[in-house]
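Have the sequence and the 3D view open while you read. This is a quick tour for someone new to them.

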Amino acid sequence: MWNIIKKDLLIIARDRAELLVLLLMPFILISILGFALGGLISGNQTMPDINVALVEEDQSETGFADFTAHLQTLELPEGAVEELEASVTLIDPIEMVKELFENPEVSDAIEIFEMNRAEAEEALAEDEVAAMVTIPSGYTFATLEKMFLETGDGSELELLIQDFGQVRANVIKNMLESFVTSINLEMALAEVTEGESSQSSNDRGVLGDSEYLSTREPVTAFQYYTIGMAVMFALYVAGTISSNATLEKETKVFDRLMLTGQSPLNYLTGKMISTIFISVIQLGILFSLSTVIFQTFAGESFFFWLGVGFIIFVFSLSIGAIAALLTSISLRYNSYSVSGVFSGGVVTIFAFLGGSFTQVEQISPIIRVLGNWTPNGASMTLYMQLLQGVGWNSMSQIVIRLLGTTVLLFILAIGLFPKRRSV
Amino acid sequence: MWAVFELQWVRLKRNPFLVLSFLGLTFVFVFLLAGSQADQKMTVHTFTDQLSEPQMAEWLDLLNDSDTLTFQQSDREDVVDLIEAGRISFGLHVDEEQFHYLVGHQSHYQIAVDQHVQRVFQETLRIRQVAEQTGITDIQGRVEEALEQPLMSIDVDALKGDASQADAERFHVVIGMTLYFAIYTILITISSIIIQKRDGTWNRLILSPVKKTKIYLGHLFYCFLIGFLQIVVSFALFHYLLGYDFGDQFGAIVLVLIVYVFSIVALGMFLMGLIQSPQQLDAVNPIVATGMAMLGGAFWPIDLISNQMMIALSRVMPIFHGMEGLKGAILFDQGITELLQPLSILLLMGVLFMGIGINLMERDTKI
């Protein structure tokens, strides 16, 4: 028994390049992740500054002048004109748009560049700005006319973006929309109450803060993807180790082993244990290095790490069982294709189901339920629960499921192991 | 060349397991992907501790006035259970004049939800405040009436067509995952060269009067076809069976696919030059495929990324340009002339990889 395990570990150790790839590559991917989601690591979900071009084709002065001229042409009662002229000076529609972008909360995330139309269009096409906001000529006049005289169709701001799929463009779009909505709302309120609605005192404080499940911080996006990649890459260990079985069969090592009377159980257990061994090391390296370098799980308690260790172990058991199953199938069909199909296809699908690629909101509930039945999905859920400080009771169910799957897979592996005469 | 090409098909007939299972997995994959996208609206689980049924119903009614979000009533326990099970990342907690998020883990969807909820709350609370001040009872209806002729409006336009945000997100996932999946198929198919080298059949081929370029061409054309067919089958399933609208630019889509698959085949050749055994390839494939997909933005929107180096790196990933090209053709109805940039970049990458790859392989065989 020990000799078989030793043989498996020696085979792996001999191919240094492969071993290195197996152990360290996941960490390189996590680093990519770290840099890519850099803004998200720190926990405050900031985005890069969004550049916006502002095109002013209207001037406040001409707008006001047009409006006062327009007032003269109307047959308004005595004094009304003067009163309107006086109140008009209090409002500058162009300034309102500019103030929106100068608001400190907004200017943190958005940088405004004033340009003319041609420049802005070029900048947008060249992707130097994400959006182009145009204040068209006649905007001031139309706003004032609608606001004070309640005639005309109201004014229109123009927003030009690259495409609707861009997150940045949608941020700007949403911001402008809520600006316009709130102005329209105030206007409608003033109209309905005949000016009784004084400016809002806005003493409600901050709306929509976050509360957390326990005393713990929420799981960050970086932690989420780190775990997602970790559980995905551990699956590849099973593929790589089982492809060694095909190699052994080709080099007749397997036949010689069988001749010495080794039982299939021993052979498969050897594969399983060496897989568990590699996968525990791989996951261990991944979790500890990413904490040391990226502070992914910095400041967690000893108890947390105990939990991580336990999940790594249980998960590795199931990977070991998968490796055993793949070994049996590979030996049966005598082909590298089995491990290839597993690594290329099955792992991708498992990882997708388990939520390694996309955040849960994008995935329908049915898929999530399916995902929790895959070993990687189940382990991912366990890690998330551990990070959220969920009690042992709700975790034990998934642990039992994972162990059950492991036993089932191993029994299947023994059942599929090629019978003696077919060897 | 055709003899070598034919040889591959004979091999396939003898041992169809690999290609057939990838075909099967493609079906599974497509349906899972479509299944995961079936619900176009995102559901936000909403609960309250203090509000009465009618009050809550009123809020839900107001909140549900959205094209992209559905607010579903739930209670605190259920939401906590869902978060703990990792099924949702946050829930919405509504109170008298306040709302909170119950957050399990951060997700960029919360930002989108927050924008909507903020707007609804601020609007509603403001109307209620004014109603209190002035004592007008039917204020809500009258305000809505007045809002039918708004003071200001926005005219939103996009340079590239008018595909909606929801469509863009859906296609981003479908295109990204399909291209990602195809990388595996291509890399695994191409690895048959390594096995042939080890088995010695490669040497026998070289000794035959067939020209070396023809041997390569025959092999690579076969790998190309397998990868190309996989993507075409996936897209066809999405288009004809699952009701995704791939637009009218079939020529452009096919052309982008051709250059994309070519660049991946070339990348495969490059890897073949570096790698000695099928086992190593097993370990390297996932790194290359996943790393490339991550960097190229197949998993998350690339414009969320702020790091300049990462942005620069994403531009060297074939998958990035493949996605740009396909999105252009499918979502924005761009023709071949408008897609010249991604097309030519992919072609250039392909030629480069192929050149270096074949050189590396040839150096190997001389030793």
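What follows covers the domains, the overall form of one chain and the nonpolar cores.

This is a predicted model, where local features need pLDDT of at least 70, side-chain atom pairs count only at pLDDT 80 or more, and totals for chains, interfaces and linings use all residues. Residues are numbered from 1 along each chain as its sequence is written, while chains are lettered from A and ligands numbered from 1 in the order in which they are written.

Start with chain A, whose domains come from an automatic or database assignment.

| Domain of chain A | Residues |
|---|---|
| domain 1 | 2–43 + 220–422 |
| domain 2 | 50–192 |

Taken over C-alpha atoms, the centres of these two domains are 57 Å apart.

Now chain B: there are 15 helices and 5 strands in it, counted as DSSP runs (H or I, at least four residues, for helices; E, at least two, for strands). Chain B is more spread out than a compact globule, because its radius of gyration is 27 Å, well over the 21 Å from the globule rule for 367 residues. That radius is taken over C-alpha atoms, and the rule is 2.2 Å times the number of residues to the power 0.38. Along the principal axes, the C-alpha atoms of chain B fill a box of roughly 95 × 45 × 40 Å.

And the cores? The largest nonpolar core (buried Ala, Val, Leu, Ile, Met, Phe, Trp, Tyr and Cys residues joined through C-beta atoms within 7 Å) has 196 residues. Buried means that 20 or more other C-beta atoms, placed from the backbone, lie within 10 Å of a residue's own. Ala131(A), Val256(B) and Val265(B) have the most contacts inside this core.

Conventions: Buried ≥ 20, exposed ≤ 12 C-beta atoms within 10 Å, placed from the backbone.
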